[in-house]
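Me: Here's a two-chain model I'd like to talk through. Can we take it piece by piece?

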Amino acid sequence: MILAVAAVTYFCDMQGLSPAGNLPRLRPHVEDQQLQNAPIISIIDDDESMRCAVKSLVASLGFGAYTFVSAEKFLQSPRLDDTSCLITDLQMPGLNGVELQKLLVAQGRRIPIIFVTAFPEERLRAHAMEAGALGFLSKPFESEALIKLIDKAIETGRKT
Amino acid sequence: LKFRAIAQNAAARDSRAGVAAPATTGALDEQPILLSTLPPSRGQKRLALATVLLLLAAFCATVPFAAVPIGYIREFIPAYAAAMFVISSITSALLFVQFSVVHSRALLAVSGGYLFSALITIPWALTFPDLFGATDMSGTTWGVLTRVWRLVFPLSVIGYTLLKDDEAKRAWPRPLLYFAILLSAAALLVAADLVTWLATGMRELTPSGLLFSVINRAQADWNALLLLLALFALALLWSRRRSVLDLWLMVVMCGLLIELCLIILVGRRYVVGWYAARLYFLVSSTLVLAVLLSETALLYARLARSVMAERREREARLMTMDVLSASIAHEMNQPLASIVTNADAAARWMARPTPDLDEVKATLEQIRNSAYRARDLIGSIRAMVKRDDRNRAPLDLNDLVREVLALTERELQRNRVSVEVELDEHLPSVQADQVQLRQVLINLITNGLEAMAGNRRARILRVKSAIQEPDSVLISVADTGTGIDPEIVDRIFNPLFTTKSNGMGMGLSICRSIVEGHGGRLWASAGAKGGSVFQFVLPANIAR
């Protein structure tokens, strides 16, 4: 079983490191052209199962989905420049979600951020929303809520 | 796992706190606790009576020798005055503190009396004729001061007695309270100064004036007046006696009466009676102070105990409800969230014009893995409460019940829950882990408390211990709360089952695991008169 989990992890992270469109086996139905224009959603979560789940959901919506195990990994990646919406865990080893948000704001990047946490704390929520977060979801959340927020992010991205 | 470490830390902290402070009695008293409001106990009444009798006996013993001259002891008056000053000022300070708590003008009167006594001792000692020789050899000033002192003190007691009963119970605003205390202290200081100035300057100012003649009347008239005043104060106190303070003020009045009697009897200085009179009054004055101080110490002990109990309770609660459930919530929400999101993703992959079965398969795999993870989590919670013989020792469940009731006392009081405890004193001990079983009891009691939170009828928590034949002990916790729906009674012990809006529902599941880990059984049933009963049995120690 451990081997199976390891295999899945590896598989998911592999996907995360490469654009979804380069793995046609998984998305035979997505036209290349469509994919190139598809908005990119980045997902940061230190929990592997959650990372894969959100990625799968986002991909099923036809977006380009990239996953990262930490805020630092995301900051180092080229996705930093073309992400239309960022879905990030709040509590993570290293930089946490709010710190990442601050850093992005300081860099002048206006990526819409959706926070996801398994440890809902009103203070952190208020903090994040005040700093301009798009949304704040408590795990386990309803997928519809996440989809609505993503749509909102893409919508605002188109307008500006 | 993360929560495991946290839970163990909390458990360790909890047991430390338990060791640091032995269990307190679970008495839920809401009695008045101040000297000025508390009715005297039987023991205190006896002590007061014994004191008065002792003073009387001393008086009688002194009478035959009252006129025996001792001679002038130069140190006596300064020592006596210093003692009186210290005793009176501390007593007055303590009474002022009581005034600031009870807001009673009566207390202000009596503490003012004590403060005046303290202030007047200074000129009183300084003007004592033989002490500093040079001034006023005749002792007129000293005599006047003595009379004023003996006059003001009983008057303040009479004022106290008259004011104490018919008072509108209203709270004084804090600034006014301080203002009243400061103002009375300042007024008394001025009054004492004025009296001293009048007494010293009187002979020169109005040698033949009316005031002088009144103050300087014959010793006998004055003594009679003071005696009557003290008697009146005593009688008034007796007719309106209610509190511990009243009781001891009566003792002080008796001391004053005895002093006056002795003074009248001997009529001279430096004889046995003269010295004894001062000593008797000093002793009776000290008594009020002693009682006030012992009460302060008692209050301090109570406060320390309740603060400690509160702290322990908070830590215990932290362990059960907050830390444990929060960490479990965090650990549990991850796989749950993953399952929910994956299920939705799978549905979407399926719903595509050409369903992506590979994605569906991968997603289902994820769901299975998350479910396994949740299962492992539950398993590790069970492992946490699993049998570990090293922590087991003979445990008296009655003691544990008392301890947990003391821990939760504040919470119970706050929710106006009355506790009925019925413990079998012959309960054999059980071989158990104290920290774990304490957790079980805290959980059961907290559950009962929460079940009664919305109660309109009486909130009664019944905790019982009994011997369950042949060789088990039974603990039951019954509440008069909402009771358990028969449809869910089988599920309430499942992990994550909860009817509360806040909480993870881990409590009962953990409780059952702990009890079963001890070779016992935990179950729930409907109470005889509504509410629910949670009971557990544990095997008793063979060696009784």
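Me: In what order do the five strands of the open sheet in chain B run?
Reply: Bear in mind that this is a predicted model. The pairing in this sheet of chain B is mixed. On average, neighbouring strands are turned by 15 degrees against each other, direction ignored. The strand order is 2-4-5-7-6.

Me: Why is one side of strand 2 and of strand 6 of chain B left without a neighbour in the sheet?
Reply: Strand 2 (418-422) and strand 6 (521-526) of chain B stand at the edges of the sheet. One side of each is left without a neighbour because each has a single partner strand.

Me: Over how many bridges do strand 2 and strand 4 of chain B pair, and in which sense?
Reply: Take a couple of facing residues, with strand 4 covering 460-468. B:Glu420 has B:Arg462 as its bridge partner, and B:Glu422 stands opposite B:Lys464. The two strands pair over five bridges, and the sense is parallel.

Me: What about strand 4 and strand 5 of chain B: how many residues lie between them in the hairpin?
Reply: These two strands pair in the antiparallel sense over seven bridges. One of the facing pairs is B:Ile467 opposite B:Val473. The hairpin they form has three residues between the strands.

Me: Which helix of chain B packs on the sheet by touching strand 4, strand 5, strand 6 and strand 7?
Reply: Its direction makes about 170 degrees with that of strand 7 (532-539) of chain B. There's also helix 15 (507-517) of chain B, but that one lies across strand 6 and strand 7, at about 135 degrees to strand 6. The helix touching strands 4, 5, 6 and 7 covers residues 434-451, and that's helix 14.

Me: Over to chain A. Which strands are the edge strands of its open sheet?
Reply: Five strands make up this sheet, in the order 2-1-3-4-5, with parallel pairing. The twist averages 20 degrees from one strand to the next. Pairing on one side only marks the edge strands, which are strand 2 (64-68) and strand 5 (135-138) of chain A.

Me: How many bridges join strand 4 of chain A to strand 5?
Reply: Strand 4 covers residues 113-117 and runs parallel to strand 5 of chain A. Within that pairing, A:Ile114 has A:Gly135 as its bridge partner. The number of bridges joining the two strands is four.

Me: Which helix of chain A lies across strand 1, strand 3, strand 4 and strand 5?
Reply: Helix 3 of chain A lies across strand 1, strand 2 and strand 3 (83-89), running at about 170 degrees to strand 2. The helix you're after covers residues 143-159 and runs at about 145 degrees to strand 3 of chain A. That makes it helix 8.

Me: Now the interface. About how much area do chain B and chain A bury between them?
Reply: On the contact side, 27 residues of chain B touch 32 residues of chain A. In chain B, B:Thr341, B:Arg348 and B:Arg352 lose the most area to chain A, together 22% of what that side buries. Carbon and sulfur atoms carry 55% of the buried area, and the total is about 2400 Å².

Me: Which residue of chain B forms a salt bridge with A:Asp47?
Reply: The count between chain B and chain A is two salt bridges, while the structure holds 15 over all chains. A:Asp47 sits in the loop between strand 1 (40-44) and helix 3 (48-60) of chain A, and its partner is in helix 11 of chain B. The closest N and O atoms are 2.8 Å apart, and the partner is B:Arg373.

Me: Which element gives the largest share of the side of chain B that touches chain A?
Reply: There are 10 residue pairs in polar contact between the chains. Helix 10 (272-351) and helix 11 (357-384) of chain B are the elements giving two or more residues to this side. That side divides into eight nonpolar, 11 polar and eight charged residues. The largest share, 15 residues, comes from helix 10 of chain B.

Me: One backbone check: which residues does the cis peptide bond in chain A join?
Reply: Most peptide bonds are trans. Here omega is about -10 degrees. The proline involved is in the loop between strand 5 and helix 8 of chain A. The bond joins A:Lys139 and A:Pro140.

Definitions and conventions: Residues numbered from 1 in each chain as written. Chains lettered and ligands numbered in written order. Predicted model: local features only at pLDDT ≥ 70, side-chain atom pairs only at ≥ 80, totals over all residues. Heavy atoms only, no water. Contact = heavy atoms within 4.5 Å. Buried area = accessible area lost by both parts, 1.4 Å probe. Salt bridge = Lys/Arg side-chain N within 4 Å of Asp/Glu carboxyl O. Polar contact = N/O pair within 3.5 Å; in protein donor to acceptor, adjacent residues only side chain to side chain. Nonpolar A, V, L, I, M, F, W, Y, C, P; charged D, E, K, R; others polar. Pairing = 2+ DSSP bridges. Axes fitted to C-alpha atoms, helices over the stretch in contact; angles between N-to-C directions.
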